[in-house]
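Got your viewer open and a selection box ready? Let's go round this one stop by stop.

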Amino acid sequence: MATTANHFSLSLSTKQATTNSAISKPSFNYPYNYLPLVQKSKFISPYSLSWTSRNSFELNSGWVSASSAGRGQRSRICASSAQVMDQFATKTEPGVPTIVEVDLGDRSYPIYIGSGLLDKPELLQRHVHGKRVLVVTNETVAPLYLDKVVDALTRGNPNISVENVILRDGEKYKDMDTLMKVFDKAIESRLDRRCTFVALGGGVIGDMCGFAAAAFLRGVNFIQIPTTVMAQVDSSVGGKTGINHRLGKNLIGAFYQPQCVLVDTDTLNTLPDRELASGFAEVIKYGLIRDAEFFEWQEKNMQALMTRDPNALAYAIKRSCENKAEVVSLDEKESGLRATLNLGHTFGHAIETGFGYGQWFHGEAVAAGTVMAADLSYRLGWIDESIVKRIDSILKQAKLPTAPPDIMTVDMFKSVMAVDKKVADGLLRLILLKGPLGNCVFTGDFDRKALDDTLRAFCKS
């Protein structure tokens, strides 16, 4: 049962911030060695952060308006609700990016979002270090975009030489054996510490290329070019890299930030419908945990997203990246706040591991996991039934699963969840919804009987 002991709130200022402003450290001590959210900030953070106990962290959030500066539209924070439809209705000029910045001090980097950006070589070339580039991609994406990326890297710049390594496509190849193929190519090509790795593909490629860049010669420059909704709105942003282990997903990896993320929305034109829908699970997540107005926008515009309306897709990607960028800027190494981005993932990762990597797409497993997290939240009395129904409805609109596959059992869930990355001192911690829409809690303080009831409700045995 959740505890209310040791409850206090840390409110971050909502006053106007300047480029060189900082969030000041409060005068009291942070409990239990929690990393303070003290970062140079170029935006305003209207959060209330609350610790209810050693293992419980709550997030209540609101939004203020975006600012713009420089070439293209540069965004520091998510748009206010009054701007939502105006921004959605605005057609962006092809080749002119919207820029969302991930603010990490001297390791800050831009996310370029727009149509036709692979035809703008200056965007990529300004982030290439040295003269040697290794493009890491897969057998599905290479025939579609490898030549275009090589051209963007070398056009007007004959000093750049580009190698490539083409990997097998699929989550089941996100392993050590496949990762070694990247190292083999880099070493055989005699790449040095001035080289740049480029990840061209979805989340699997981005995670593996980033991990390879973090480990090769103890760290080389890398760039993300995500080609799926899932990668564009989530996995390419924030520096989480890694591979799977047969006992659990993403258990081996590193935090390692790219030099930039280039999101050419035209790459979604070749994305199969099922993979398109899979990515919307992460878009929906942002609305549920921290951005209620965005969730309401999704409820009204899911059909436009499903039919690939270019303006709807561009807006959903931009707003998702703004949400992700702000969280990463405040909590890069997932000390508390960033963990809230994993709503539904503990259940979802158990599905992927238990069912077999690649049987379901990541977003499909997360969708079912989100329903399970909402069910548990409701059983605990933390949300009302209307939120549960809205989650079920929007996932069905997106043609995503709302229950795990029949093969999953209670014991399978418990076995895999026991080695989840969020387990601390043997205690399973989950991201659950609490309060009105747009609020969540990262906690180990919940009634285990309620968890058992949720698992039994979704499993046949």
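**Stop one: Thr 227**

Start by selecting Thr 227, in the loop that runs between strand 10 (221-226) and helix 6 (229-235). One thing to keep in mind as you click around: this is a predicted model. Is Thr 227 buried or exposed? It's buried, because its relative accessible area is 6%, below the 20% cut-off. Now show what touches it. Beyond its neighbours within four places in sequence, Thr 227 contacts Val 141, Leu 200, Gly 201, Gly 202, Gln 232, Thr 267, Leu 268 and Leu 271.

**Stop two: two loop residues with positive phi**

Stay with strand 10, but go to the loop between helix 5 (203-215) and that strand, and pick Leu 217. Leu 217 isn't a glycine, yet its phi is positive, at about 50°. With a relative accessible area of 33%, Leu 217 counts as partly exposed.

Next, jump to Lys 399, in the loop between helix 12 (385-397) and helix 13. Here is another non-glycine residue with a positive phi, this one near 60°. Lys 399 is exposed, at 67% relative accessible area.

**Stop three: Thr 307**

Select Thr 307, which sits in the loop between helix 8 (292-306) and helix 9 (310-330). Its relative accessibility is 53%, so Thr 307 counts as exposed. Now draw a C-alpha to C-alpha distance from Thr 307 to Leu 276: you should get 9.9 Å, for a pair 31 residues apart in sequence.

**Stop four: helix 10**

Colour helix 10 (345-355). How many of its eleven residues are buried? Nine are, so this helix is mostly covered. The buried ones are His 345, Thr 346, Phe 347, Gly 348, His 349, Ala 350, Ile 351, Glu 352 and Thr 353. To see what covers them, switch on strand 12, helix 7 (273-290), helix 11 (362-379), helix 13, strand 14 (430-433) and helix 14 (448-458), which are included in that cover. Just past the end of helix 10, Gly 356 has a positive phi of about 115°.

**Stop five: the largest cavity**

Keep helix 10 on screen and run a cavity search. Over the whole structure, three cavities of 30 Å³ or more turn up, and the largest holds about 70 Å³. Select its lining: Gly 248, Lys 249, Leu 251, Thr 346, His 349, Ala 350, Val 416, Met 417, Val 419, Asp 420 and Lys 421. Strand 12 (248-255), helix 10 and helix 13 (410-417) are the elements that each give two or more residues to this lining. Thr 346, His 349 and Ala 350 line the cavity and also appear among the buried residues of helix 10.

What kinds of residue make up the lining? Five are nonpolar, three polar and three charged. Colour by domain and you'll find at least three lining residues from each of domain 1 (8-90 + 277-458) and domain 2 (115-271).

**Last stop: zoom out**

Bring back the whole protein, with its 14 helices and 15 strands. Of the 461 residues, 58% are buried. Take contacts between residues at least 6 apart in sequence, and 73% of them join residues at least 24 apart.

Finally, colour by pLDDT. The mean is 84, and 80% of residues reach 70 or more. Residues 62-71 stay under 50, with 33 contacts beyond four places in sequence. Residues 75-86 also stay under 50, with 45 such contacts. Where pLDDT is low, don't read the predicted coordinates in detail.

How values were computed
Residues are numbered from 1 along each chain as its sequence is written. This is a predicted model: local features need pLDDT of at least 70, side-chain atom pairs count only at pLDDT 80 or more; totals for chains, interfaces and linings use all residues. Side-chain values use heavy atoms; hydrogens and water are left out. On a 1 Å grid over the protein atoms alone, a cavity is a set of points where a 1.4 Å probe fits but cannot get out, and a pocket is an open set with protein on both sides within 12 Å along at least five of seven lines; lining residues have an atom within 4 Å of a point. Grid points are joined across faces, edges and corners, and a volume is the space filled by probe spheres set on the points. Helices (H or I, at least four residues) and strands (E, at least two) are DSSP runs, numbered from the N terminus. Ala, Val, Leu, Ile, Met, Phe, Trp, Tyr, Cys and Pro count as nonpolar, Asp, Glu, Lys and Arg as charged, and the others, Gly among them, as polar. Domain bounds come from an automatic or database domain assignment. pLDDT is the predictor's confidence in each residue, from 0 to 100. Contact means heavy atoms within 4.5 Å. Buried means under 20% relative accessible area, exposed over 50%, partly exposed in between (1.4 Å probe, protein chains only).
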